[in-house]
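Biologist: I would like a close look at a single part of this model. Please choose one site, describe it step by step, and then place it among its surroundings.

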Amino acid sequence: MAEPLALGIDIGGTGVKLGLVDRNGRISSLRKMPTPKGVPAIQAAEAIAEEASKLVGAVQASRLTGVGVGVAGDIDSQAGVVRMSPNLGWRQVPIRRLLANALGRPVLVENDANVAAWAAFRVEAKARVRNLLCVTLGTGIGGGIVVDGRLYRGATGTAGEIGHTTLDPNGHPCACGNRGCLERYVGARAMSEEARRAIKGGEKSQIAKLVKGDLSKIEPLIVQRAARQGDRLAKRLWKDAGERLGISLASMVNVLNPDWIVLSGGLSRAGGLLLDPVRRMIKERSFQAPARAVKLVISRLDQDLGTVGAALLAHDSFN
Ligand SMILES: [Zn+2]
């Protein structure tokens with residue numbers, strides 16, 4: 001019999017990725033589309049279902065285990081409802097029912113960082129470690145937790161939101177309603193904003209040269225390049241980002257005592273620029289035993305973590 005496949009759908013703020021994935025996390029076909037914007041959620045879901053049906057239609061019905069969906073936002077996975085997604089502008093969207101009706105297949109819905117954590121656990125850790133924290137460093141910061149080999153969702157499915165833990169009690173307001181959240185200080189958006197502010201404030205930096213004076217073009221990759229050239233501002237921005245992230249992770253190390261912390265997303269590609277200060281903070285701020293035990297891992301799946309994790313969760317749930 002042909003190997004079973006599941007469809008994984010990763011719905012992010014800018015793009016949607018859909019992939020057919022086997023039980024080992026290998027993608028056999030992948031489709032991408034821009035996230036439908038400026039339309040009611042029902043229409044957006046219909047557009048995603050249409051794209052999904054192209055993949056589903058190409059697979060023998062008996063071979064398709066089910067559909068897993070990861071969505072950026074606060075998800076009620078039991079009800080299959082997106083409670084709130086600031087990036088998508090969705091509120092109380094019954095995405096599971098909409099997709100299940102359109103595709104005629106069992107569908108599950110999870111937070112995007114939770115499915116990423118599941119992929120990190122199943123594919124990258126090969127389930128050899130039992131406790132893992134996965135942190136996605138994109139525009140914002142997401143987190144997913146695997147405890148004792150199971151995805152940890154918490155009381156309302158919200159668990160793992162490390163991006164919305166408080167770093168500065170009097171800090172910048174955050175879209176979540178709190179102020180001083182970690183993701184206001186670490187992440188692609190935060191880093192670019194800080195670089196712009198410093199340069200506008202008169203600080204000399206290679207960054208301005210690399211974007212030829214167009215400060216709107218600043219992004220972490222540019223700051224990374226400037227740091228490698230020895231630029232002082234760029235080096236400081238990475239050090240600050242690493243220390244802030246490291247302070248939060250040090251708390252997580254004491255709370256969760258994970259075997260692994262898996263980092264993914266654009267910022268994680270900066271290697272030592274980010275990881276060195278993260279490691280230093282964990283060493284300085286966590287208990288010795290868990291700090292020594294924890295392994296920091298950069299995700300190899302990276303951009304595909306969400307799609308693969310959503311599909312693997314479907315494999316593991318609908319079996
Ligand atoms: Zn927040």
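**The zinc site and beyond**

Modeller: C174 has a relative accessible area of 10%, and because buried means under 20%, C174 counts as buried. The model is a predicted one. C174 is one of the residues that coordinate the zinc ion, which it does through SG. The other donors are H164, through ND1, and C176 and C181, each through SG; the distances run from 2.0 to 2.3 Å. H164 has a relative accessible area of 28%, so it is partly exposed rather than buried.

The angles among the four donor atoms of the zinc ion are 105 to 118°, and the site is tetrahedral. For reference, the ideal angle for four tetrahedral donors is 109.5 degrees. Along the chain, the donors follow the spacing H-x9-C-x1-C-x4-C. H164 and C174 are 10 residues apart, and the loop between β11 (150-152) and α4 (188-200) holds both of them.

The helix at the end of that loop, α4, contains S192. S192 is buried, because its relative accessible area is 6%, against a cut-off of 20%. Leaving aside residues up to four places away in sequence, S192 touches I218, E219 and P220. Between the C-alpha atoms of S192 and L221 there are 9.9 Å, with 29 residues separating the two along the chain.

Elsewhere in the chain, helix α1 covers residues 41-57, 17 residues in all. From first to last C-alpha, α1 reaches 24 Å, close to the 24 Å expected at 1.5 Å a residue. Its buried residues are A41, A44, A45, I48, A49, E51, A52, L55 and V56. An α-helix has 3.6 residues a turn, so residues three or four places apart point the same way. The cover over the buried residues of α1 includes the strands β1 (5-11), β2 (15-21), β3 (27-34), β4 (64-71) and β7 (90-93), as well as helix α2 (95-103).

There is also a pocket to note. The second largest pocket has a volume of about 190 Å³. Its lining consists of R279, I282, K283, Q288, A291, R292, V294 and L296. Helices α8 (272-285) and α9 (288-293) each supply at least two residues of that lining.

To return to the zinc ion, its site combines a histidine nitrogen, ND1 of H164, with the SG atoms of C174, C176 and C181. Of the two residues whose exposure is given above, C174 is buried, whereas H164 is partly exposed.

Technical notes:
Residues numbered from 1 in each chain as written. Predicted model: local features only at pLDDT ≥ 70, side-chain atom pairs only at ≥ 80, totals over all residues. Heavy atoms only, no water. Donors = N, O, S within 2.8 Å, 3.2 Å for Na, K, Ca; no water. Tetrahedral: all angles 85-135°; square planar, octahedral: opposite > 155°, others 65-115°. Helix = DSSP H or I, 4+ residues; strand = E, 2+ residues; numbered from the N terminus. Buried < 20%, exposed > 50% of the residue type's maximum accessible area, 1.4 Å probe, protein only. Expected span 1.5 Å × (residues − 1). Contact = heavy atoms within 4.5 Å. 1 Å grid on protein atoms, 1.4 Å probe; cavity = no way out; pocket = protein on both sides within 12 Å on 5 of 7 lines; lining within 4 Å. Points joined across faces, edges and corners; volume = space filled by probe spheres on them.
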